[in-house]
Protein chains: 2
Amino acid sequence: MDLNSLIDSIKNFEGITRKNSINHIANILKDTYNIAGNTILSFGDDASAIEIGNEKLALLAADGMWGKLMEADPRWAGYCSVLVNVNDIAAMGGRPIGMTNVISTKDKKICNEIMEGINEGVKKFGVPMVGGHLHPDTPYNALDVSITGIVNKDDVITSCDANIGDKVIIAIDIDGKLHPQFDLNWDTTTMKSDELVQAQIEVMNKIGSEKLVTAGKDISNPGTLGTLGMLLEASGVGATIELEKIPRNESIEWEQWLKLYPGAGFVLTSESNKVDRCIELLEEVNITASVTGEIIEDKKLYVTHEDQEAVLFDFQKDKITGVKEERS
Amino acid sequence: MDLNSLIDSIKNFEGITRKNSINHIANILKDTYNIAGNTILSFGDDASAIEIGNEKLALLAADGMWGKLMEADPRWAGYCSVLVNVNDIAAMGGRPIGMTNVISTKDKKICNEIMEGINEGVKKFGVPMVGGHLHPDTPYNALDVSITGIVNKDDVITSCDANIGDKVIIAIDIDGKLHPQFDLNWDTTTMKSDELVQAQIEVMNKIGSEKLVTAGKDISNPGTLGTLGMLLEASGVGATIELEKIPRNESIEWEQWLKLYPGAGFVLTSESNKVDRCIELLEEVNITASVTGEIIEDKKLYVTHEDQEAVLFDFQKDKITGVKEERS
C-alpha cells in the first residue's frame, strides 16, 4: 500500500472538503454566540452547550441529511437523521432527550418513507421525535433534524480540550455491513438489539462522568481521520497516528474504511492512566477501541504505516472547518 | 362588509390549508413520541415539552422558512427564522435559551444575507444561534431553525387546556408596518428597541408564572383566527368571537389583517377573574389585548359582526391540523 496516495485521496474527500464553508458562518455569529451570557460551547463542537442552572448544560445540535442519501433511500435517510443527532449528543458525554424535524417534500410517498425511517430510529435509539414542521409544497426533498440533550457541566466532553501528551483512542464498532446503495455508510445498528445500540450511546455518558477523556468527537461525514483532524483543529494541537492500529473490519480496504460514516464510532483523547478503563467500557458495548497515537504540539496530523510517514493535515496552512472553537 | 365572504376567504387561506398534512406525520409517531417516558407535550403545540428534572421542562420547536419568503428577501427570512422560533417558546410561557440552524444553499451571497438576517434577529431578541449545519451544495435555498427553551413545569402554557367558559383574549402589537415585498408579514419589531421586543417575549413567561391563562398560542402563518382554530382543535372546544373586538391597526382591511403573521401576537384563554391582570401585563409592553369572545362546548368557531354570524370552523367535520394533542 502506498501511504501517500491513500493520504491524497482522503485529503480530497468531499466529506472533508465540504466542511470548509462553516467557518464563514461561524464568523458572522462570533460576536453574538454568547449574547445571553450562558453559552459555554458554540460552533466547532458536535453540539453547543448552554448553561441552564443546577450545574447542568443543555446540548443543542442539528443535522441536515445529504441530498445524495435522500435520493438513494428516504427511509434510510430518516433513520440516519436520528442516528447522527443522537451520536452528536453522545460525543459530548450527554443524554439525548428529544428531537424535532423539518421535512420539505411534496411527495407523500417519500414523506411516509422518511417518517417510517425516523420512527425506526426513534425505537432503536430510544429518543423521541416530539415535533417539527412540514413544508408540504417544496420542489425538492429535504430533511433536517435537531436534537437537545442534557449533561452535567463537569462531565461534558468537548472537541477542544485535547492536550499534548494525551493518547489518541479510536473507537469503532467494526461489526457491521455497508449500506447496499450508499457505500460510505457503515451500518452497525439495524441488525443489533435496541439495548446494545442504546448502551453504545450511554457509554459516552459514563466515560464523561468518570472523566476518562480530555476530548472526543463522533466519527461522521469526514470519516475517521477527517473527524480526528477536526478535533485537532478545535484543540489547536497535532497528532501522530499509526494507521494499522485503527480498528478496522478487514473486509473493507483502508481507503474506503477511512471515509466511512460508522454507526458507532468515536475519536477520543485520554491521559495515559485512564486509557485502559476507557477502552474497557467501550469494548463492553461491542465497540473496538485502541490507542492509535498521541497528541503533539506540532500542529500537523502525521500518519505512519510500516516505514512510511505522511502528513494528512498541516494546520499552519490547511483548514477543515477553520473554526477555532468559540467558548466562554 | 359581508361576513360570509370574509369567512370564506379565511377558510381557503393557504396559511391554514397547508397545515393539513401535519396530522399524517403525527400519526406515524404517535406510538413513540413518549418512548423515553419524559415527553409531556408533543405534536399539536407550539413547542414540545420534555421533563428534565428539578421541576423544569425543556421546550423544543423547529420552523422552516417558506420558500416564498426566502425568494423575496433572504435577509428577512433569516431575521424571521429567529422571530418565529422565539415566539414559539414565548407562547409556551418559556424562556428561549438557544437556537441551531440548517442552511441549504450553494449561493454565497444568499447564505451571507440569511446569516446577517439571523444575526440581526439574535441581537433583537437576545437569543443566541449556537450551531448548525451547512449544505453548501444544494440546488435549492432553504433555512430551517430549531430552538430550545426552558420553563417551570407548573408554569407551562399549552394549546390544549382551554376550558368551557374561559374568555378568549386576542393580543397583538398593532403598531407596525407591512413588509414591502411580503404583504402577509406585519413587522412590529425591526423599528422597536431590543429592550421592548425582549419584554414582549418575557411577558409570556410572566403570564405563565402568574398562572393567568389556561391556554395560549402565538399567531403565526394561519393568521389570527386560524391560530385560534388550532388552539380550539387542540383543546377539543369551540368559541364565539366578536370580530370588531380583535385588536387591529385600522390602516389594514379585515381580510388582510386576519391573515397577517404579526411580529408579536398571541391568542390566549383565561378565567374571567384573571383577564384584567393578563391584559394589563400585555399592554405594559405595547401589545394591545382585548377580550374578544368565549370558549364554548359546541365545537365550532362562530364569528359575529354587527347582526351577522358565520361559522369559520366546524370541528365535527373540518380539521386544521387534525392533531388532537398528544400528552402524557
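Helix α7 (residues 194–209) and helix α10 (residues 275–284) of chain A pack with their axes 10 Å apart, at an angle of about 160 degrees. Axes here are lines fitted to C-alpha atoms, for helices over the stretch in contact, and angles run from 0 to 180 degrees between N-to-C directions. α7(A) and α10(A) are therefore roughly antiparallel to each other; angles over 145 degrees count as roughly antiparallel, under 35 as roughly parallel, 65 to 115 as roughly perpendicular and the rest as oblique. The crossing of the two helices α7(A) and α10(A) is right-handed, a term used if the near helix is turned clockwise from the far one by less than a right angle, with left-handed for anticlockwise. On the α7(A) side, V203(A), K206(A) and I207(A) meet R277(A), C278(A), L281(A) and L282(A) of α10(A), where contact means heavy atoms within 4.5 Å. Helices (H or I, at least four residues) and strands (E, at least two) are DSSP runs, numbered from the N terminus.

This is a predicted model, in which local features need pLDDT of at least 70 and side-chain atom pairs count only at pLDDT 80 or more, while totals for chains, interfaces and linings use all residues. Residues are numbered from 1 along each chain as its sequence is written, chains are lettered from A and ligands numbered from 1 in the order in which they are written, and side-chain values use heavy atoms, with hydrogens and water left out.

After α10(A), the loop between α10 and β14 (288–296) of chain A holds N286(A). Phi of N286(A) is near 70 degrees, a positive value in a residue other than glycine. Most residues other than glycine have a negative phi. N286(A) counts as partly exposed at 32% relative accessibility; buried means under 20% relative accessible area, exposed over 50%, and partly exposed in between (1.4 Å probe, protein chains only). In chain B, N54(B) also has a positive phi, near 55 degrees, and its place is in the loop between β2 (48–51) and β3 (56–64) of chain B.

**Sheet and helices in chain B**

Seven strands of chain B form an open sheet with mixed pairing, in the order β10-β13-β7-β14-β11-β15-β16. Its edge strands, each paired on one side only, are β10 (215–218) and β16 (308–314) of chain B. Neighbouring strands of this sheet are turned by 20 degrees against each other on average, direction ignored. Two strands pair if DSSP finds at least two bridges between them. Strand β11 (residues 238–242) of chain B runs parallel to strand β15 (residues 300–305) of chain B, and four bridges join them. E242(B) has T304(B) in β15(B) as its bridge partner.

Helix α8 (residues 223–235) of chain B packs on the sheet and touches β7 (167–172), β10, β11, β13 (265–270), β14 (288–296), β15 and β16 of chain B. The direction of α8(B) makes about 140 degrees with that of β10(B). Helix α10 (residues 275–284) of chain B lies across β7, β13 and β14 of chain B, and runs at about 145 degrees to β14(B).

The loop between β11 and α9 (254–257) of chain B contains E250(B), which is exposed, with a relative accessible area of 68%. E250(B) and T269(B) are 19 residues apart in sequence and 24 Å apart in space, C-alpha to C-alpha.

Elsewhere in chain B, six bridges join strand β4 (residues 95–104) to β5(B), and the two run parallel. N101(B) has G132(B) in β5(B) as its bridge partner. Six of the seven residues of strand β5 (residues 129–135) of chain B are buried.

**Salt bridges**

A salt bridge is a side-chain nitrogen of Lys or Arg within 4 Å of a carboxyl oxygen of Asp or Glu. By this rule the count comes to 30 over all chains. Three of them are tabulated.

| Pair | Closest N and O atoms |
|---|---|
| E120(A) and R75(A) | 2.4 Å |
| K177(A) and D187(A) | 3.3 Å |
| E120(B) and R75(B) | 2.4 Å |

K177(A) lies in strand β8 (residues 177–178) and D187(A) in strand β9 (residues 185–187) of chain A, so the pair ties together parts that are 10 residues apart in sequence. K177(A) is partly exposed at 41% relative accessible area, whereas D187(A) is buried at 5%.

The salt bridge of E120(B) and R75(B) links helix α6 (residues 108–125) of chain B, which holds E120(B), to helix α5 (residues 74–91) of chain B, which holds R75(B), 45 residues apart. E120(B) counts as partly exposed at 34% relative accessibility, and R75(B) is partly exposed with a relative accessible area of 34%. In chain A, salt bridges that share partners join R75(A), E116(A) and E120(A) into one network.
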